[in-house]
2 protein chains.
Amino acid sequence: MTHRPKLTFYFEFASTYSYLTASRIEDLADTAGVELIWRPFLLGPIFQAQGWDTSPFNLYPAKGAYMWRDLARRAARLGLPPIVRPVHFPQNGLLAARVATIGRDKPWGLDFVRGVYDAQFARGATISDPETLAKVLNNLGLDAALLLDQAASDQRIKDTLRQTTEDAQTLGLFGAPSFATEDGEIFWGDDRLEDSLEWAMVCDSKPVDIA
Amino acid sequence: MTHRPKLTFYFEFASTYSYLTASRIEDLADTAGVELIWRPFLLGPIFQAQGWDTSPFNLYPAKGAYMWRDLARRAARLGLPPIVRPVHFPQNGLLAARVATIGRDKPWGLDFVRGVYDAQFARGATISDPETLAKVLNNLGLDAALLLDQAASDQRIKDTLRQTTEDAQTLGLFGAPSFATEDGEIFWGDDRLEDSLEWAMVCDSKPVDIA
């Protein structure tokens, strides 16, 4: 098997722009010949470390109003359904992130991730509600009760998610989506997805020095 | 003369990403057949209204560290010189913005804008220093002493700049660069420049409804 460059995709379920990335990163990575590693993490602790108790899109109303409009435009460009804004924003994505952590190395993992985002931003569902996640899991032919029970009780899963969040903070991540290449380069935002894939390919073949 | 769609480019001299846009927007607008209107404004009063006394890139160090790295990468992609980080950031762009306001409808206007950005981010110069601006003006064959005197004393110029900043705030702008189309659509960030030009062209030919 030939060597393929790797790119790690860090996302938070409450993040609107992570939704855009989740909808398209697998296809783009395949086309680029890049091995996709994906990691759910929690932005809450990182925002708290910056002194924020909610999303900056709520703290700064002009920025928030712009974000929802920009999201609608970008979703339209990508051929996604019209955005249905959830009643509460940002939502608590802890349970969803724990289920996704169970699915990190499972064939259904990314389908679950996309299913949760679709429920949240194309149908306005409440993703902290286990019923919402159960529907997504059932639609994938999985045992929802078993997986939700594991997500709520398995200490190794909780620890793995906590460790991923700490790793993200150590890497200097401050928002989502973010992308990390094997040589330690960080890219932030759905609008840097293409750049990060290109960097992963280039740094795999030759040294990069721009600084 | 045929009708051309318009796009208004709002920028702040201290803004790093506005530098990237200033380096390329004129060519891109020409190619797209879009009439470019450009407006220097001040982000300081807008940041202050959000409770910030400096750039968010200083308030949030992880975001700031990322920005400088991202700027270096993007500058390299655009074929710009390596970034030379000014000692003080953000710089006071008031005098530069006043001179640029004098040049808004002059043939030398955009050359002055690009010259100031180049001095600041490719050579690390202090743009609040009249000497720096005098060099840029002299390089363009202009009467630097006359223009700097006008910038410091002409009340109409000061009022025009203040009005532009108020207009930007009324439009909901919260950062720079920002772009406004004739139908009132706002785009924020150098990475939305292409989207904004495309929107300007499309909205000029047919109604757009995505919301």
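# Briefing on a predicted two-chain model

Tyr66(A) lies in helix H5 of chain A. The model described here is predicted. Tyr66(A) is buried, because 20 other C-beta atoms lie within 10 Å, and a residue counts as buried from 20 such atoms upwards. Setting aside neighbours within four places in sequence, Tyr66(A) is in contact with Gly172(B), Phe174(B), Ile186(B) and Trp188(B). The points below take up the relation of the two chains, the side of chain A that touches chain B, the sheet, the helix packing and one buried serine.

**Relation of the two chains**

- Two copies of a chain are related by a rotation about an axis and a shift along it.
- Here, a turn of 180° and a shift of 0.0 Å along the axis lay chain A on chain B with an RMSD of 0.0 Å. The relation is therefore that of a two-fold axis.
- Among the residues of chain A, Asp191(A) comes closest to the rotation axis, with its C-alpha at 3.5 Å.
- Both copies use the same surface, since 100% of the contact residues of chain A recur in chain B.

**The contact between chains A and B**

- In the contact, 16 residues of chain A meet 16 residues of chain B.
- On the side of chain A that touches chain B, helix H5 (61-77) and strand E4 (186-188) of chain A each supply at least two residues.
- H5(A) gives the largest share of that side, namely seven residues.
- By class, the side of chain A that touches chain B consists of eleven nonpolar, two polar and three charged residues.

**The sheet of chain A**

- Strands of a sheet pair through backbone hydrogen bonds, either parallel or antiparallel.
- Chain A holds an open sheet of four strands in the order E2-E1-E3-E4, and the pairing is mixed.
- Strand E2 (35-40) and E4 of chain A are the edge strands, each pairing on one side only.
- From one strand to the next, the twist averages 20°.
- Strand E1 (residues 6-11) of chain A runs parallel to E2(A), and six bridges join the two. Tyr10(A) stands opposite Arg39(A) of E2(A).

**Strand E1 of chain B**

- Strand E1 (residues 6-11) of chain B is mostly covered, with five of its six residues buried.
- E1(B) and strand E2 (residues 35-40) of chain B run parallel and are joined by six bridges. Thr8(B) has Ile37(B) as its bridge partner in E2(B).
- With strand E3 (residues 178-181) of chain B, E1(B) pairs in the antiparallel sense over four bridges. Opposite Leu7(B) in E3(B) stands Thr181(B).

**Helix packing in chain A**

- Two packed helices are described by the angle between their axes and the distance between the axes.
- Helix H6 (residues 94-102) of chain A and helix H10 (residues 155-170) of chain A cross at roughly 105°, and their axes come within 9 Å. H6(A) is therefore roughly perpendicular to H10(A), because angles of 65 to 115 degrees fall in that class.
- From H6(A), Ala97(A), Arg98(A), Thr101(A) and Ile102(A) meet Ile157(A), Lys158(A), Thr160(A) and Leu161(A) of H10(A).
- The contact of H6(A) with H10(A) comprises four nonpolar, two polar and two charged residues.

**Helix packing in chain B**

- Helix H6 (residues 94-102) of chain B packs with helix H9 (residues 144-153) of chain B at an angle of about 105°, the axes being 9 Å apart. H6(B) is therefore roughly perpendicular to H9(B).
- H6(B) contributes Leu95(B), Arg98(B), Val99(B) and Ile102(B), while H9(B) contributes Leu147(B), Leu148(B), Gln150(B) and Ala151(B).
- Six nonpolar residues, one polar and one charged make up the contact of H6(B) with H9(B).

**Ser18(B)**

- Ser18(B) belongs to helix H1 (residues 16-22) of chain B.
- Ser18(B) is buried, because 27 other C-beta atoms lie within 10 Å.
- Residues up to four places away in sequence not being counted, Ser18(B) touches Phe11(B), Glu12(B), Ala176(B) and Pro177(B).
- Between Ser18(B) and Ala62(B) lie 20 Å in space, C-alpha to C-alpha, and the two are 44 residues apart in sequence.

Key:
Residues are numbered from 1 along each chain as its sequence is written. Chains are lettered from A and ligands numbered from 1 in the order in which they are written. This is a predicted model: local features need pLDDT of at least 70, side-chain atom pairs count only at pLDDT 80 or more; totals for chains, interfaces and linings use all residues. Axes are lines fitted to C-alpha atoms, for helices over the stretch in contact, and angles run from 0 to 180 degrees between N-to-C directions. Angles under 35 degrees count as roughly parallel, over 145 as roughly antiparallel, 65 to 115 as roughly perpendicular and the rest as oblique. Two residues are in contact if their C-beta atoms, placed from the backbone, lie within 7 Å. Ala, Val, Leu, Ile, Met, Phe, Trp, Tyr, Cys and Pro count as nonpolar, Asp, Glu, Lys and Arg as charged, and the others, Gly among them, as polar. Copies are superposed by least squares on the C-alpha atoms of residues with pLDDT of at least 70 in both. A residue is buried if 20 or more other C-beta atoms lie within 10 Å of its own, exposed if 12 or fewer, and partly exposed in between; C-beta atoms are placed from the backbone. Two strands pair if DSSP finds at least two bridges between them.
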